[in-house]
Amino acid sequence: MDTINPEVTTMRVPTRTATDSERALGTVRSIHLELLRRSGVSFPLRLWDGGRLGDPGLGFELVLNHPGALRAMLLPPTGRAAGEAYVRGHIDVEGDVIAALTVASRVTNALPIRTRLRLARQLIDLPASPERRALARARLPGRRHSPARDRAAIAYHYDLPQAFYEQFLDNGLVYSCAYFADPDESLERAQERKLDLVCRKLGLRPGERLLDIGCGWGSLLLHAAKRYGVRGVGATLSRTQAEAGRQRIKRAGMAGRVEIRLADYRELHEQFDAVASVGMVEHVGPENLGSYFGTVYGLTVDGGRCLVHGIVVNDPRRTRSGHGRDFTNTYVFPDGALFPAWRGVRELESARFELLDVEQLRPHYALTLREWVRRLEANHDAAVAAAGEPSYRVWRAFMAGSAAGFEEGRLGVVQLLGVKGRPEPALPFGRAWMQPVLEEEPGSKEASLS
């Protein structure tokens with residue numbers, strides 16, 4: 001009879017194959033450890049199985065909703081891919097979304113090329129992401145910055161329901177950088193201060209005519225008419241803004257003093273005592289700055305002033321042409337382009353304006369955007385009811401990314417003030433003449449307007 005040697009006998013134990021989820025957990029942990037080693041930042045993650053990685057004290061948490069979420073966010077390694085992963089719901093950001101984007105930028109910038117390639121190979125091993133939401137990209141016909149294409153670009157950006165913008169803008173619907181006296185000032189007060197800053201720099205006097213290029217909902221026109229006694233004309237390509245702005249003007253009893261035209265500024269053939277262009281030059285394109293300032297010059301009377309307020313890149317060597325397909329150009333500002341501040345100064349002077357003043361408002365826009373993001377998040381349900389969850393996510397990501405850009409100094413916003421010929425009356429010395437003067441509030445030390 002055969003004997004059994006216990007020393008060589010083996011038992012067959014059933015083996016369990018790791019699931020896709022388990023393999024993905026291992027890969028994500030490995031990537032997270034490598035990011036920590038390279039950047040020194042322990043990025044806070046909540047995984048699809050409820051587990052957590054990273055530092056919970058950074059004020060936010062990135063939520064991976066399925067095993068392929070990190071792949072969807074980081075491949076290809078672009079801001080657009082990350083934004084699309086968020087809008088489609090592959091990932092969520094809980095807490096301070098501006099801090100999340102700031103930290104993500106710091107981590108990414110710390111990675112050498114060799115590390116990025118190694119991480120890409122690991123990301124490819126993660127499961128492919130299930131498609132969740134189809135996204136409506138901007139697809140514009142015609143030649144870039146032709147009047148027809150500009151109308152389509154403006155319609156894509158501004159013709160969301162007004163109720164959506166009301167969820168994050170101030171009561172006056174001012175859709176541009178505010179001007180804060182201190183970081184704790186309310187957005188409403190800071191926006192009123194910015195409107196008055198523009199009016200003071202333009203030296204508006206009763207009876208003068210003001211042109212507002214890209215007038216939005218007419219906030220500057222109404223402020224200038226009420227406080228400075230001017231007659232105002234606004235030009236916009238947004239049908240939604242024009243119609244809503246006209247209603248606001250009518251309700252304010254200013255229909256005989258202020259009008260909004262659905263028109264391209266290039267279609268205007270008259271002159272004004274003052275011309276303002278706030279948050280519109282970004283739509284012009286760097287290659288068209290010369291003709292833009294030339295047109296503004298032609299719209300301004302001799303001795304009249306122009307004020308151009310716009311976002312700039314804070315790198316004098318760079319220009320964002322708007323020809324790419326990054327997240328902002330694809331889903332928010334089609335054809336939107338940025339240039340360094342010196343380009344604006346050069347073109348303003350080349351158009352024969354005399355340069356009177358340049359002011360950098362970068363910290364003010366960082367505060368403005370933080371408040372817009374806070375209000376949008378607080379009004380999530382109403383914003384989604386007005387425009388849908390994808391639009392809410394696009395705008396939350398866009399405004400948070402912009403806030404991070406201003407806070408980190410990659411973006412700026414400047415006001416350029418010029419005069420055609422010699423100013424009449426001559427400018428006083430100092431800068432006090434251009435400082436905003438608001439009506440006194442209870443408990444405020446600010447002087448009231450005379």
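**Exercise 1. Find the residue opposite Leu45 in strand 3, then work out how the sheet around this pair is put together.**

*Solution.*
Step 1: Start at Leu45 and look across to strand 3, where Leu62 stands opposite. Keep in mind that you're looking at a predicted model.

Step 2: Now zoom out to the two strands. Strand 1 (residues 45–46) and strand 3 (residues 60–64) are parallel partners, and two bridges join them. As background, strands of a sheet pair through backbone hydrogen bonds, either parallel or antiparallel.

Step 3: Put the whole sheet together. It's an open sheet of four strands in the order 2-1-3-4, and the pairing is mixed.

Step 4: Check the edges. Strand 2 (52–53) and strand 4 (91–95) each have a single partner strand, so one side of each has no neighbour in the sheet.

**Exercise 2. Trace the chain from strand 5 to strand 7 and give the handedness of each crossover.**

*Solution.*
Step 1: Begin with strand 5 (residues 209–213), which runs parallel to strand 6 and is joined to it by five bridges. One contact to look for: Ile213 sits opposite Ala235 of strand 6.

Step 2: Follow the link between these two. Strand 5, helix 9 (residues 219–228) and strand 6 form a β-α-β unit, and it is right-handed.

Step 3: Carry on from strand 6. The chain goes through helix 10 (residues 239–251) to reach strand 7, again in a right-handed β-α-β crossover.

Step 4: Confirm the pairing at the far end. Strand 6 and strand 7 (residues 258–262) are parallel, with five bridges between them. Thr236, for example, has Leu262 as its bridge partner in strand 7.

Step 5: Ask how covered strand 6 (residues 231–236) is. Five of its six residues are buried, so you can call this strand mostly covered.

**Exercise 3. Describe the second largest pocket: its space, its lining and the elements that supply the lining.**

*Solution.*
Step 1: Take the volume. The second largest pocket holds about 550 Å³ of space.

Step 2: Look at the lining, which has 37 residues. Nearest the centre of the pocket are Ile213, Gly214, Cys215, Gly279 and Met280. You've met Ile213 already, as the residue opposite Ala235.

Step 3: Sort the lining by type: 17 residues are nonpolar, 13 polar and seven charged.

Step 4: List the suppliers. Helix 6 (147–158), helix 8 (187–202), strand 5, helix 9 and strand 6 give at least two lining residues each. Helix 6 has the largest share, with three residues.

**Exercise 4. Explain what is unusual about the backbone at Pro76, Leu173 and Asp335.**

*Solution.*
Step 1: Recall the usual picture. Most residues other than glycine have a negative phi, and most peptide bonds are trans.

Step 2: Test Pro76. The peptide bond running from Leu75 to Pro76 is cis, and its omega is near -10 degrees. Pro76 belongs to the loop between helix 2 (69–74) and helix 3 (79–87).

Step 3: Test Leu173, in the loop between helix 7 (162–165) and helix 8. Its phi is positive, about 55 degrees, though Leu173 isn't a glycine.

Step 4: Do the same for Asp335, which lies in the loop between helix 12 (327–331) and helix 13 (341–350). Here phi is near 70 degrees, so this non-glycine residue has a positive value too.

Step 5: Are Leu173 and Asp335 buried or exposed? The cut-off for buried is under 20% relative accessible area. Leu173 has 7% relative accessibility, so it counts as buried. Asp335 has 5%, so it counts as buried as well.

Notes. Residues numbered from 1 in each chain as written. Predicted model: local features only at pLDDT ≥ 70, side-chain atom pairs only at ≥ 80, totals over all residues. Heavy atoms only, no water. Buried < 20%, exposed > 50% of the residue type's maximum accessible area, 1.4 Å probe, protein only. Pairing = 2+ DSSP bridges. Right-handed = clockwise from strand over helix to strand, strands pointing away. 1 Å grid on protein atoms, 1.4 Å probe; cavity = no way out; pocket = protein on both sides within 12 Å on 5 of 7 lines; lining within 4 Å. Points joined across faces, edges and corners; volume = space filled by probe spheres on them. Nonpolar A, V, L, I, M, F, W, Y, C, P; charged D, E, K, R; others polar.
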